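Q: Could you take a close look at one part of this model, the sheet together with the helices packed around it? I would like a connected account rather than a list.

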Amino acid sequence: MRLLLDTHTFLWWVADSPDLSRRARAAIRNPSNQCFVSLASCWEMAVKASIGTLRLDTPVERFVPEALAANGFETLGIELAHVARVARLPFHHRDPFDRLLAAQAAIEKLAVLSADPVFERYGLRRVW
């Protein structure tokens with residue numbers, strides 16, 4: 001299965017947080033699954049770190065690549081097709097980062113690992 005980790009899922013996995021569901025944890029651990037972290041999530045972490053709502057042990061520019069490499073996660077770039085798809089999404093949600101993740105998941109045919117049920121309203125498969 002190809003999985004797109006929501007920003008909080010990525011952070012909870014890296015922190016070994018008990019907030020991460022058993023099902024999400026098992027999906028990430030499964031070696032036959034391919035896990036992606038969107039550059040939109042990297043951008044979200046950078047924004048939140050800069051305004052003080054996200055505290056990391058190291059700067060984002062070091063934290064993200066180290067966490068990706070340590071966990072074997074791949075980055076998912078932001079393409080024009082992803083951005084254009086956002087314009088066609090219904091407004092189930094106003095968060096620009098999550099809307100971009102929804103567009104990416106739809107185009108790339110990825111299941112979304114997220115505690116947020118809003119992704120299901122976009123017709124996406126959510127694993128939690």
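A: What follows goes from the strands to the helices, then to the cores and a few single residues.

The model is a predicted one, and its sheet is open, with five strands in the order E3-E2-E1-E4-E5 and parallel pairing. Strand E3 (74-76) and strand E5 (126-127) stand at the edges, and because each has a single partner strand, one side of each is left without a neighbour in the sheet. Strand E1 (residues 2-5) is joined by four bridges to strand E2 (residues 34-38), and the two run parallel; within E2, the residue opposite Leu-4 is Phe-36. E1 is also joined to strand E4 (residues 111-113), here by three bridges and again in parallel, and on this side Leu-3 has Ala-111 of E4 as its bridge partner. Further out, E2 and E3 run parallel and are joined by three bridges, with Val-37 paired to Thr-75 in E3. As a general point for reading these strands, side chains in a regular strand alternate between the two faces of the sheet.

Helix H6 lies across E1, E2, E3 and E4, and its direction is at about 175 degrees to that of E1. H6 also has a helix partner: helix H3 (residues 39-51) and helix H6 (residues 96-108) pack with their axes 9 Å apart and at an angle of about 170 degrees. Since angles over 145 degrees count as roughly antiparallel, H3 is therefore roughly antiparallel to H6. On the H3 side the contact is made by Ala-40, Ser-41, Trp-43, Glu-44 and Val-47, and on the H6 side by Phe-97, Leu-100, Leu-101 and Gln-104. Sorted by class, the residues of this contact are six nonpolar, two polar and one charged.

H3 meets helix H1 in another arrangement, in which the axes of H1 and H3 come within 9 Å and cross at roughly 75 degrees, which means that H1 is roughly perpendicular to H3. Here Thr-7, Phe-10 and Leu-11 of H1 meet Ser-41, Glu-44 and Met-45 of H3, and the residues of the contact divide into three nonpolar, two polar and one charged. Ser-41 and Glu-44 thus appear in the contact of H3 with H6 and in the contact of H3 with H1.

Two members of the H1 and H3 contact, Phe-10 and Met-45, lead on to the interior. The largest nonpolar core has 23 residues, and those with the most contacts inside it are Leu-5, Phe-10, Ile-28, Met-45, Phe-73 and Leu-113. At least two residues of this core come from each of E1, H1, H2, E2, H3, helix H4 (60-71) and E4, and H4 gives the most, with five residues. Phe-10 shows how these parts come together: leaving out residues up to four places away in sequence, Phe-10 touches Leu-5, Val-37, Met-45, Phe-63, Ala-67, Leu-68 and Phe-73. Apart from the largest core lies another core, of 17 residues, which includes Leu-4, Ala-40, Leu-110 and Tyr-122.

The surroundings of the helices can be followed a little further through single residues. Lys-48 is placed in helix H3 and is partly exposed, with a relative accessible area of 34%; leaving out residues up to four places away in sequence, Lys-48 touches Thr-53 and Leu-54. The loop between helix H1 (7-15) and helix H2 (22-29) contains Asp-16, and Ser-17 lies in the loop between H1 and H2 as well. Asp-16 counts as exposed because its relative accessibility is 55%, whereas Ser-17 is buried, with a relative accessible area of 10%. Neighbours within four places in sequence aside, Ser-17 is in contact with Trp-12 and Arg-25.

The backbone deserves a check at two loop positions. Most residues other than glycine have a negative phi. Asp-16, although not a glycine, has a positive phi of about 55 degrees. Lys-109, in the loop between H6 and E4, likewise has a positive phi of about 55 degrees and is not a glycine. With 69% relative accessibility, Lys-109 counts as exposed.

Key:
Residues are numbered from 1 along each chain as its sequence is written. This is a predicted model: local features need pLDDT of at least 70, side-chain atom pairs count only at pLDDT 80 or more; totals for chains, interfaces and linings use all residues. Side-chain values use heavy atoms; hydrogens and water are left out. Axes are lines fitted to C-alpha atoms, for helices over the stretch in contact, and angles run from 0 to 180 degrees between N-to-C directions. Angles under 35 degrees count as roughly parallel, over 145 as roughly antiparallel, 65 to 115 as roughly perpendicular and the rest as oblique. Contact means heavy atoms within 4.5 Å. Ala, Val, Leu, Ile, Met, Phe, Trp, Tyr, Cys and Pro count as nonpolar, Asp, Glu, Lys and Arg as charged, and the others, Gly among them, as polar. Two strands pair if DSSP finds at least two bridges between them. Buried means under 20% relative accessible area, exposed over 50%, partly exposed in between (1.4 Å probe, protein chains only). A nonpolar core is a set of buried Ala, Val, Leu, Ile, Met, Phe, Trp, Tyr and Cys residues joined through side-chain atoms within 4.5 Å.
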